[in-house]
Amino acid sequence: MSAGGKQYKAIGDDNWKRTDKVNAELFTLTYGALVVQLIKDYEDYGEVNKQLDKMGYNIGTRLIEDFLARTGMGRCQTFAETAEVISKVAFKTFLNISPTVTFPPPTAPSNPSLPTPSEFTLTFDENPLAEFAELPRDAREGGLWFSNVLAGVIRGALEMIQMQVEAGFVSDVLRGDETTELHVRLVRLLEEEQPENDE
């Protein structure tokens with residue numbers, strides 16, 4: 001682990017110790033009930049995925065302020081550093097987990113204006129959202145991404161700090177895969193907009 005990685009791990013551990021805790025089982029079961037209700041309401045797993053992503057996005061746009069206030073962290077210098085902070089500080093602070101970050105092998109960038117690496121994958125050894133969950137066959141075959149709210153949270157939080165990303169699960173142990181992986185790709189860096197009539 002790099003010196004920066006160890007520093008981020010220490011920050012995440014320290015924040016977890018100082019965070020007010022919610023009963024993990026209550027949190028997990030409440031999330032599961034939310035997913036079940038969405039399935040009943042929409043009767044379409046694709047639409048449930050969209051709703052979970054949308055909820056996560058809205059959570060992420062607000063959670064980033066809390067994260068920055070708790071950690072006192074400044075702006076990351078690279079997208080790779082952003083990935084490390086998400087894994088070792090953000091996930092540790094809020095869910096007490098630290099997914100593994102991997103970067104794909106370097107290739108010719110599709111957009112030369114983007115930093116490299118411009119994408120990463122988070123591999124979850126544990127996922128508290130899915131702790132007591134088991135997907136029925138029709139949900140697996142229908143394409144339900146049970147923890148899709150996490151993709152939305154990352155998307156919303158990064159957009160608030162001027163990074164437009166695409167985030168989505170590529171595998172999930174609940175669907176019979178060997179690992180649970182969330183892929184994040186930087187689409188573009190957003191310009192900070194100055195409010196109208198701001199002088």
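## What counts as buried, and how helix H6 fits

A residue is called buried when its relative accessible area is under 20%. In this predicted model, that cut-off shows helix H6 to be mostly covered, since ten of its 13 residues are buried. The buried residues of H6 are Asn148, Val149, Leu150, Ala151, Gly152, Val153, Ile154, Gly156, Ala157 and Leu158.

The length of H6 can also be compared with an expected value: at 1.5 Å a residue, its 13 residues should span 18 Å, and the C-alpha atoms at its ends are 19 Å apart, which agrees. Just after H6 comes Gln162, which takes a positive phi of about 65°.

## The chain as a whole

The secondary structure of the protein chain comes to six helices and four strands, and, read along the sequence, these elements follow the pattern α-α-α-α-β-β-α-α-β-β. The chain has 199 residues, of which 42% count as buried. Among the contacts between residues at least 6 apart in sequence, 65% join residues that are at least 24 apart.

## Helix H3 against helix H6

Helix H3, made of residues 45–71, packs with helix H6, made of residues 148–160, at an angle of about 40°, and the axes of the two helices are 6 Å apart. That angle makes H3 oblique to H6, and H3 passes H6 in a right-handed crossing. On the side of H3, the contact is made by Asn49, Leu52, Asp53, Met55, Gly56, Tyr57, Ile59, Gly60, Thr61, Leu63 and Ile64, while H6 contributes Asn148, Val149, Ala151, Gly152, Val153, Arg155, Gly156, Ala157, Glu159 and Met160. Sorted by class, the residues of this contact are eleven nonpolar, seven polar and three charged.

## Helix H4 against helix H6

Helix H4, which covers residues 79–95, also packs with H6, here at an angle of about 120° and with the axes 13 Å apart. H4 and H6 are therefore oblique to each other, and H4 passes H6 in a right-handed crossing. The residues that make the contact are Thr82, Ile86, Phe91 and Leu95 of H4, together with Leu150, Ile154 and Leu158 of H6. By class, the residues of the contact of H4 with H6 divide into six nonpolar, one polar and no charged.

## From the end of H4 into the strands

The loop between H4 and strand S1, which covers residues 100–102, holds Asn96, a residue other than glycine whose phi is nevertheless positive, near 60°. With a relative accessible area of 29%, Asn96 is partly exposed. Pro99 also has its place in the loop between H4 and S1, but at 4% relative accessibility Pro99 counts as buried. Leaving aside residues up to four places away in sequence, Pro99 touches Ser87, Phe91, Leu122, Thr123 and Phe124. The C-alpha atoms of Pro99 and Asp125 are separated by 6.6 Å, although the two residues lie 26 residues apart along the chain.

Strand S2, made of residues 119–124, is the place of Phe120, which counts as buried at 0% relative accessibility. Phe120 touches Phe79, Ala83, Ile86, Val101, Thr102, Phe103, Pro104, Leu182, His183 and Val184, again without counting residues up to four places away in sequence. For Phe120 and Phe79, which are 41 residues apart along the chain, the separation between C-alpha atoms is 8.9 Å.

## Two loops beyond H6

Gln162 has its place in the loop between H6 and strand S3, and its phi is positive although Gln162 is not a glycine. Further along the chain, Leu174 is found in the loop between strand S3 (163–171) and strand S4 (180–189). At 13% relative accessibility, Leu174 counts as buried. Setting aside residues up to four places away in sequence, Leu174 touches Ala130, Ala133, Glu134, Leu135, Arg140 and Phe146. One of these partners, Phe146, is 28 residues from Leu174 in sequence, yet the two are 7.9 Å apart in space, C-alpha to C-alpha.

Terms used. Residues are numbered from 1 along each chain as its sequence is written. This is a predicted model: local features need pLDDT of at least 70, side-chain atom pairs count only at pLDDT 80 or more; totals for chains, interfaces and linings use all residues. Side-chain values use heavy atoms; hydrogens and water are left out. Axes are lines fitted to C-alpha atoms, for helices over the stretch in contact, and angles run from 0 to 180 degrees between N-to-C directions. Angles under 35 degrees count as roughly parallel, over 145 as roughly antiparallel, 65 to 115 as roughly perpendicular and the rest as oblique. A crossing is left-handed if the near helix is turned anticlockwise from the far one by less than a right angle, and right-handed if clockwise. Contact means heavy atoms within 4.5 Å. Ala, Val, Leu, Ile, Met, Phe, Trp, Tyr, Cys and Pro count as nonpolar, Asp, Glu, Lys and Arg as charged, and the others, Gly among them, as polar. The expected span of a helix is 1.5 Å times one less than its number of residues. Buried means under 20% relative accessible area, exposed over 50%, partly exposed in between (1.4 Å probe, protein chains only).
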